[in-house]
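Here's a quick look at how two domains of one chain meet. Have the model open while you read.

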Amino acid sequence: MDEEDRVTPCDVTTGFFVLGHCGRPAVAGCPSCGKPVCAHHAGPDGLCPECADRLAGGPASPYDPRWARGYRRTYYSESSRAYNDTTWYSSFDDYDRGGFDAGGDYSFGGGDFGDGDGDFGGDFVDS
Amino acid sequence: MTAGSPAQPAHRAAYLAFDRFPSSKGSAVHIAQMADELFAAFGGGLLGVLGGGGLPGYQREGDREIVRFGEQVPNLIDRAEAFSAWAADRLRPHLATLEVCHVRDPWSALPVVARDDRRYRVVYEVNGLPSIEMAHTWPWASPAALAKIAELERYCLARSDAVVVPSRVIAGALERRGVPAGKIALVPNGAPVPGPAPRPAGAPDRYLVYVGAMQPWQGVDVLLRAFARLADLPGLRLVVCASVPERRAKPVRRLAERLGVADRVDWRFTLPHHEVAAWLAHAQVSVAPLTGCARNLDQGCAPLKVIESMAAGVPVVASDLPAVRELLDDRVHGRLVPADRPAELARAIRILLEYPDEARALAARARDRIAAGLTWGHSRAALAEVYRTITRRDDEGRWC
């Protein structure tokens, strides 16, 4: 194995419409996720961009089911004030929401929703 | 507080979409073009989209930040609302510097338009209305719920500064909902006119091609019924380049089996966009069998598959809908047939196959039409003009 083969490439995802990996020689491993990162992508403390962003103030545990609910509650309050209607924005009740549960037979087309990976897609509006 | 990453300057522009990006869907092509124009005009910006499926939650590309909402919230409305809240949070560090926010649906629009103290202008790009589309795709959705979504759309449209549509049919639908005509700008979809592409590996000698998603309004069922009527044509196959994962095609694949055409249909799922272009280029005919439903007729659409087929120089047979007539003239740039009529569709395809010189002439004229006025360059120039118009200020610094 020659020298070049031993270089660990930077694993940070790059690109706008067509994604790939950076591929520059890594200079560190991200202390949070372990991903190899190059000098260009290594942030403070050697963090990869994703971890740096998350640790800069993102939700502590996005997989906590209370997270979205907490976000919603805060947001209802703010947006309903802006809308001058303190009840409107929370007006999708359980009956309304029930028609949009994932996983039913009818979710096949998903419309433009649900075309992502897994049944929890949510993307919308194809042309 | 979820500021961008450290040392990232505050942005002057943001593009938000409750849509996965990038993906193999036409909507992703559209987002790429529109967001690229926005960020080119404002020296970078923040792109907030859906993630998941292995896409990174955060990317920085020069002066652009890409943030993705990847939480797996099963219920769609719950997820959409969580996205709105997430987007509001993501925008907060940039509120003092933002000049334009470009949004694509009510859930990305709401956090942007609902701020009374906003200093930025809002461009709402309407490619479809969820209150109409979701009636097709979520059959259990109650009329009351859809009415609330329509109300959300009305609220966001009313508070936007400009509304961008890809088709005059959609513009008409919005005017009927009370959006002033002067606020609506037509920015048609576009396509690049590609050079020669190598024949895709495994491509049949003679094939029809369908490119796109599998929602009921796409009319793939109509195409399969038409294809069943072409069984006498030796060696003719149908290639379906589906922009959605394989499991989404189960119902239409079952239909293909019932119709006895399954062994003549080749399925390709979630191909990268550049590979789809090659499949288009080598097809005998490209078919856009959109149905005559409320989504296509009342709301309107601007099918990229038609524009991209025309650009690729492949003869097009499409449903005769007002939105499609904006793109091509029957017997000049392609063939238009009544929607939902498999026999008529099969007949039009058969004639093009039997008269290849005429088919080639149609395709050449279609390609010229795209080059002359329907490339992404044309679309982006129209969008740039919208940005210029809404950000114009008078001598005292107020919006004109």
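In chain B, the C-alpha centres of domain 1 and domain 2 lie 28 Å apart. Domain 1 of chain B covers 13-190 + 377-390, and domain 2 covers 206-374; such bounds come from an automatic or database domain assignment. This is a predicted model, where local features need pLDDT of at least 70, side-chain atom pairs count only at pLDDT 80 or more, and totals for chains, interfaces and linings use all residues. Residues are numbered from 1 along each chain as its sequence is written, chains are lettered from A and ligands numbered from 1 in the order in which they are written, and side-chain values use heavy atoms, with hydrogens and water left out.

Here's the interface in brief:

| Item, domain 1 and domain 2 of chain B | Value |
|---|---|
| Residues of domain 1 in contact with domain 2 (heavy atoms within 4.5 Å) | 22 residues |
| Residues of domain 2 in contact with domain 1 | 25 residues |

The two domains of chain B bury about 2000 Å² between them, 62% of it on carbon and sulfur atoms (accessible area, 1.4 Å probe, lost on being put together and summed over both parts). On the domain 1 side, B:Ser24, B:His136 and B:Val169 supply 27% of the area buried against domain 2, more than any other three residues.

There's one salt bridge between these domains of chain B (a side-chain nitrogen of Lys or Arg within 4 Å of a carboxyl oxygen of Asp or Glu). B:Glu133 pairs with B:Arg295 in a salt bridge, their closest N and O atoms 2.9 Å apart.
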